[in-house]
Structure formats: C-alpha cells, structure tokens
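User: I'd like to get better at reading strands and sheets in a model. Could you walk me through one?

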Amino acid sequence: MHYQPMTENDKQEMLKQIGVVSFEDLLEGIPTVLRHPQIQIPEPLSEIEVQSLLRKIGFQNATVKDHLSFIGGGSYEHFIPAAAAQIAGRQEFYTAYTPYQPEASQGTLQALYEYQSLMVELTGLDVSNGSHYDGATSMAEAALLACRHTERNKILVARSVHPHYRSILKTYFEATPYRVQEFGFDQDGAFHREEFARLLDSETAAAIFQTPNFLGRLEDLDGIEKDLHSAGALFILSAHPLSLAALKTPGEWGADIAVGEGQPLGIPLSFGGPYLGYFAATKALIRRIPGRLVGMTKDAEGRRAFCLTLQAREQHIRRERAASNICTNQALCALIACAYMTLMGKEGMREAAEINMDRAYYLRDRISELPGFSVSPKNPVFNEFVVQSPKPFSEIENALKPQKIFPGIGLEPFYPEMKNAFLVAATETKTQSDLDSFAEALRKC
Amino acid sequence: MLIPQENQLSFEKSGPGRRGVKLPASRFCKKKPLERIPDLFKRAKNLEFPEMTEPEIVRHFVNLSRKNFSIDTHFYPLGSCSMKYNPKINEWAASLENFAWVHPLQPESSVQGILQIFYELEKDLLSITGMDRFTLQPAAGAHGELTGMMLVRACHAARGQGKRRKVLVPDSSHGTNPASAALLGYHVLELKSNSRGRVDVRALEEHLDEETACLMLTNPNTLGLFEEDILEITKRVHQKGALLYYDGANLNALLGIARPGDMGFDIVHLNLHKTFSTPHGGGGPGSGPVGVKKHLSPFLPFPLVEKQAEKYRLVENQKESIGRVKSFYGNTGMLIRAFVYIRTLGLSGLRQVSENAILNANYLKEKLKKFFPVAVDEPCMHEFVLAAREAKKADIHAADIGKRLLDYGIHAPTVHFPLVVEEALMIEPTESESKETLDHFVEALAEIAQEIRQDPEKVRQAPHTLPVRRPDEVLAARKPVLSYRDQVRERILLAEGISS
C-alpha cells in the first residue's frame, strides 16, 4: 500500500517484539461475532484510474467558469488572487493540527491572529474569533449566546435574512427552550419597522438583521441599536464581508455581534463548503464568544509569542459547562481569508467593493430598460438585486440554458408570494460584455 | 534547521501606497454607485488594512508556514487525532474546476457529478459502519455530535418520551460529548470507568433509568481499549428505552475489523478529517457525517440525496426531519477528498489502514513501557496512554515531556487527556509511519526519560530549538490582546501612562 510504509518483514518483526504470533491476537478484546464484517466497497484503484474517474464525474457538473453565472444567494463568485491559493496551499499550514502546542504552531497562530485583526478592522467591532463553520451556524451560535447572556428566551429575526440561515436557527432552537419570531419586509425588500417594534419586548434576547439582505437590499438600520439596547436586547448583524470595505460596518451601526459568511474572501464556491463563518463582537461579550481565540503574549524569554487563549470557555476544559461545543472549526479557510485580505490590502478591498457595486448597478440599469422586466431602481444594493420577470423563473432558466447562462435564483421557493421574481448577482468577475450579453439574452426570453 | 525568528505582523510591515493586487480600472456606470446611495449606508472610518506588495506578502506567509509542525514535515503522534498522511490526489481532485467552481444553488441537472459522489460516499460509509442512512451535512465532529443529539431528542419526542433528559458519558470521553449534550439542555452524568479503563457495566446499570436519553461512547475508547462488554452495554441501554451514540473519533482502529452498527449503536458520527485522511488545516475545515439506524432516519436533516431513474436528486420532503443543520449541503470539498481516499484504498487498503495502525500502536506501547508505565497494559487498538506519574516527583509533567519531544522534531502526544489517567501521554502513531520513525520516537522518549533523572531542568524548560519557548498563557488570558487594534490601544494607553 503506497501510503503505508510497513513491509511484511516489518510486520513479522513487530509481531515478534510485541510477543504475539499473529495480528489476530491483538484483537482479543473484540467479541468474535463482531470481527471482520462483510463490507461492500469497490476494489482499490491506481492513481491513474482515480484521476480518470474523478475527471469523468467532474464532467457531469457545470461550473460558473464554463457558464455565465449570476447566481448569488449567500455564495458568490469572486476573484481569488493566485497568490492567496498558493499561500493557503503551503502544506505546513494544510497538514497541521489545531495549534494546541504553541511552540510548534507559531505560523498558524500568528496567521489566525492577523485574521482576527483584519476582521476587527473590517467589522468595526472589538474582537473576532478564529472562525466558525459557516455564516449560518455562526448566526445560530450568536443567537444562543444572546439568550444565555440576557437570560431571555426569544430571538427576533428579519424574514429578509437568508432562508437557510433562518432554517438552521430554527433547527438549533427547536432543540432548546428558546424560540424564534420573524418579522417581515415591505415591497422594496426592506425589513418592516413597525412589525419589528411590535414584537420587541422584555423577553427579547436579540434581533438579527442582514445587510445586504437576502434580496440584495441594504437595510437602513438607523435607530435599531437604540431600540434594542433600551429594551435590554442585543443587536446581531450579518453582512457580506466585502461590502464592509465601502459600506457601514456592524460596529458603526451599533451592533453587538457581527456574523456572516466569509466565503467571498478568497474561498471557492465548492458547492457550498468548506466556507468560513466569521464571528465578531464587542468587548463586553469577550468571555462568551464561542470557538477559538488567538492572543498575543510573551514567551519565557520575553519574546513576542502567540497562543490560544481564554480557553476556559471551551469544551476541552469546561466540558458540559463550555460556551459552545465547537472544536474543529474552519482554520484553513480563515487563513485563506487572511491571505486574501492582505493581498487586497487597504485600497484593493475598497476598490473591489466599489467594482461590485458598479457591475450590479450597471446590470440593474440595463435590465430596467427591458420590456416586461422590472427592478426597483432606487433600492440601495451591493452586488445583488431582485428582478421582476414577466414569466416564471423556470422558463427564463430554460430559455437561457442553450446560451450557458445561469440567470440567478428563483425567489418563489423561498418566498411563495414572490411569483416570477428572481435574484441576480453581479460581482467584479463580470466584464461589460458579460453584462450586456446577459441583458440581451433576457430581452429575447 | 533555520526557522525564521522574525515575528512582525503584516500590519507592522505595511508601507503606505503599496498594493498586492491590480484590479480592473474600468467602471461601467456613468455615476459612481456610491454616489447614488445616501451617506447613511457608507463606511465612515477608513479601513486600516496593511499595504504590501505580492512578493512581500508571499514571503511573510511562507515564513510563517515554516514555523509550523505539520504531517508533511514531522511525525505527529497526537492521540485521538489520527494525524495520518493526507494523500495529494485528494487535493488534486477537490481543486478541479469542475468541483471547486460549482455553485450550490445551480440547477440540479448541472450538479449530477457532485450528487453522485454524495450518493456513493454515503453508501460506502453505510457499509463501513453498518448503519442505514447518513447525512453528510455536519461540518465537523462536534457539529455531528450536536446533530446526533438533536436526533436523539427528536426520536424520544416522537415516541412521547420527552421526559428523557439525562445523557451518560464515560469519564474518559472527549470534551465535546458533554458539551454537545449540554448545548441542548441535557443533564450530563459521567460514568466512572472500571480499573481496566472500560465502562463499568454495574455503574452503568445504576444510572440507567426511564429518564436516560442516551449513552455516548467512543469505542475503542480514549485509552485505546475496545469495550469488551459492548454487546452487553448496548443491550442494557436499549432495554431501558435509551439510545446509543457512537463518537467516531477513533474509527481508524476499526475499518473492516468491526462496525458500530453491529455493536448496537443507533447513531454514529465520523470525523472525515481523521479516519478518512482529509487535512486538518491547523484546526479545520473538517467534516462530520452522521449515520443512523432505520428507526432514526426519518429525523435526519434535509436535504438527502436520492437516486431516481438514473438521476440524482436532493430531497427535502422528510416530515419529521430536525431540519437543516448547515447552509447548502455540507463541506463538499472534504467529502470529495474522503471519497477519493476510499476509492484509492478500496476495502483491502482500508483494512490495512486499521491493521497497521493497531500494529504500530502495540509495537510502540511494548517498546515504551520500559520508560513510562502504560495506563492499562493490555493489547491496545490504534492508540494507548502512558502515565508519566514518576516524572511528577521531579516536578515534570506530561506536558513538559511533550514539549521536550518538539526538540527531537516530533510533535507532542496529546497530554493530560484522558482525564482519568494521571499525567497522561496519549499516543497514536497511525498507519502512515515507518518502523524507523517509530524507533526514532522510542529513542527520543528513552533519552527524555534519562534526562528526567539526570537533567530535569532541561525538560522543564523545553523546547530549546523553536522560535518561542513557553508562551505565557496566564498573561494572555489575564490581559487579552486579540488583535492589532488591541496592541495599538495598549500602546496609546502606555504612552499616556495609564495601565489598562
């Protein structure tokens, strides 16, 4: 076996040293009825065969590279600098374990510390953890944190928050004594202020908003911080991380916790994962933050050193009293995001945010000119917006199939009242002719 | 070995005006979109990111990477973590454009290849574990445990047994077990192990009652010992109407050798980043699929993958499902790697994984017990635990021995775990290591054992050859500095003569 150095000679020698006759003697603790079950697994393949099998299976997938794709909805096709992938591909990062031995892990630890530092800058909050599974699960953890922190049992969530995120929140909360209430959005896709105010009460632990929300609209969150804090509740905000280079940050809106999907920061689509849940909070919540935190300290000789810190929150120390059960997170994805953000730098991040807006606004203007299609031209958006179509989305999708265009996401499955509406995303990856040809193709639908 | 000593942050290397990427200069809109939205929506504070060029950034990170121990550079005998070799063909496959650039919300007909992998991987995992249905959604082991406990809850609720609020775990269990159960409000009770490090069936019997929801077990347990009474244990737990949860962290011992499904477990989670060779990435991403027996499959998270008329479909119609546990479908990239691993090894290769892992562990145990006593000296499975009790007299702890090993170019074993063993050194060599590497490890520990007697200070102060030595963890927790902004704030306060 080419991954296992043991030879037959080694095996015999080792058995002799152990003092047993055969390997079977080492299994004496396993009841015989359980040993050597029948298992159906195909025969081993050589690497040549594996490569050809995987290519063959791969060809059964279309990609956003062989199609012109305008699909977003929580996962976005963004530019990834070649250097970011190369850096993350360093096998010393790739094949290392969680940095529990700081002396043997200064590379991972410093990179995660830099990731935390970048996320603090980006979100405008005080502290970022070392990562969570994805945007949805970090939102659920934030909600659990809020319930424990405020000792209250109700979470309000805008219906304009990503449907998967709300669905996961529901899954997590159904298994706990806490409950979730939703408040709706108006015709322009902005959350319903009156409904929110009506539901906010002394039982509310936190309210969750997303901006840009699932419909692509930037939410006006002015005054929310005051409403929530005067009711004794926390303010949780989810945002597209790249948008924060140009748009108001969770910190500036007065949020207590920022959570969201870090995939746009250099991580490929990979059919939904692995992604990166980011989680940042105010200093007041520092000892309740779930997951790993890297801190800067000094070593025995007074040198700068990094280590995991505030571990008294974590499961391997606190067991059933831990702040969360999370152990393995998405460290390598955080490292990719760190390399990405460092490469983009101060100017690059802001430009990338601006280019996203430029492409989206241009496309929206183009679509607004098409007979039968309509958009809300005044809605503030980042890189995604709703198109109202003259016919069902499935017909649009089918009509554009021969031209290898993925027009976006039909909204009816998520919001049954939104008949014939679909969501279109345009990122910095699109050229002017991409956008023009999409608009022209839509015209002919 | 020349390890870089330099430890400046990217923020501290920043030079105003430098940049690491070039983006398109052209804008398509006549009026800048930022001018079309009210100021209310705009960021006010400047983004204080580092400004560096690509070569500077690459050198920065490559030098950081050189400060790490990793499987590709070092032996990593970290107990319960299965630090095995991560085959490069797995990486090749996952990074193919036809997998890496597929959007999760593409039409089903355009993602048939990925769905085929999900479908086939599920079948493989079912056969390997002896279960009836798997969800591939959970993102890591602990996430799988949480999902599993949600299934326990849903199952009891459906049977009108909602009063079952107690979860039993052995005192040798992983910390995530009690933490996952507690997250759902379960009352966690620890079972004391017997003198041979296993579940004490009598103690179990005493605590089993009508309020017990579940027993969570790792088998082989964290001492590397197979629970000999497993059939008796699962029988008694089932007789009381409770369920059995299998923590798959240690499945590397059992491929083709025994199956949790046959032992009587109702729910199983696997760590693909352990047994199935997907890389650890310095702490993730992992993948923690959860398998169940038939009676629990109606509760599995949606969507599941089905094959209908030669087409693969994502199905979301389970009425009793606990719901979705991860956005989209799970850590697809990890699932592809695990699939490639299973296809490469086949059944014979997988069997050999466990056989060689067990053989390596027993060989090491036999060789090492001259220097440190074994916690329970019986044939072990893929790992074992040494007890450095004697060293304690010289004021040397298991952690010190681990740190001294770093000087020999060997990663520390898991130390001070499981909690049931005093001064535990938990060692898992995996099947990836050669006899020569194991012998080198034995020599290193033999020398350290001698040092403990002759030069204990050297062990107490280790490591001596790495970029840092003994970071002050107490200081780090007392005065947390968690970002560059904290550093800047600290400096300002210092300059003003105010101590934070």
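**Reading strands, sheets and chains**

Analyst: Let's begin with one pair of residues: Val157(A) has Ile208(A) as its bridge partner in β5(A). Keep in mind that this is a predicted model.

User: Which strand pairs with β5(A) over four bridges, and in what sense?

Analyst: The general idea is that strands of a sheet pair through backbone hydrogen bonds, either parallel or antiparallel. Here, strand β3 of chain A, residues 154–158, pairs with β5(A) in the parallel sense, over four bridges.

User: And how many bridges link β5(A) and β6(A)?

Analyst: Six, again in the parallel sense; β5 of chain A covers residues 204–211. You can follow the register through individual partners: Ala207(A) has Phe235(A) of β6(A) as its bridge partner, and Gln210(A) has Ser238(A) of β6(A).

User: How do I read the environment of β5(A): how many of its residues are buried?

Analyst: Here buried means under 20% relative accessible area. Eight of the eight residues of β5(A) are buried, so the strand is largely enclosed by the rest of the structure.

User: How many residues of β6 in chain A are buried?

Analyst: Six of its six, so to speak the full run 234–239, and the strand is described as mostly covered.

User: Which residues of β6(A) point one way, and which the other?

Analyst: The general idea first: in a regular strand the side chains alternate between the two faces of the sheet. In β6(A), Leu234(A), Ile236(A) and Ser238(A) point one way. Phe235(A), Leu237(A) and Ala239(A) point the other way, and all of these residues are buried. Two of these names came up before: Phe235(A) as the partner of Ala207(A), and Ser238(A) as the partner of Gln210(A).

User: Now for an antiparallel case. What is the strand order in the open sheet of three strands in chain B?

Analyst: The order is β10-β12-β11, with antiparallel pairing. In chain B, β10 (384–387) and β11 (414–415) stand at the edges; each has a single partner strand, so one side of each is left without a neighbour in the sheet. β10(B) pairs with β12 of chain B, residues 424–427, over four bridges in the antiparallel sense. One of the partners to look for is Phe384(B), whose bridge partner in β12(B) is Ile427(B).

User: Let's zoom out. How many helices and strands does each chain have?

Analyst: Chain A has 14 helices and 14 strands, while chain B has 18 helices and 12 strands. In chain A, 67% of the 445 residues count as buried; in chain B, 66% of the 500 residues do.

User: What radius of gyration does chain B have, and what would a compact globule give?

Analyst: Chain B has 26 Å; with 500 residues, a compact globule would be near 23 Å, and the two agree. The C-alpha atoms of chain B fill a box of roughly 75 × 70 × 50 Å along the principal axes. For chain A the box is roughly 85 × 55 × 50 Å.

User: Where do the charges sit: how far apart are the centres of the positive and negative sets in chain B?

Analyst: They lie 6 Å apart, for 65 positive and 62 negative side chains. In chain A, the mean positions of the 43 positive and 54 negative charges are 2 Å apart.

Notes: Residues are numbered from 1 along each chain as its sequence is written. Chains are lettered from A and ligands numbered from 1 in the order in which they are written. This is a predicted model: local features need pLDDT of at least 70, side-chain atom pairs count only at pLDDT 80 or more; totals for chains, interfaces and linings use all residues. Side-chain values use heavy atoms; hydrogens and water are left out. Helices (H or I, at least four residues) and strands (E, at least two) are DSSP runs, numbered from the N terminus. Buried means under 20% relative accessible area, exposed over 50%, partly exposed in between (1.4 Å probe, protein chains only). Lys and Arg count as positive and Asp and Glu as negative; His and the chain ends are not counted. The place of a charge is taken as NZ of Lys, CZ of Arg, CG of Asp or CD of Glu. Two strands pair if DSSP finds at least two bridges between them. The radius of gyration is taken over C-alpha atoms; the globule rule is 2.2 Å times the number of residues to the power 0.38.
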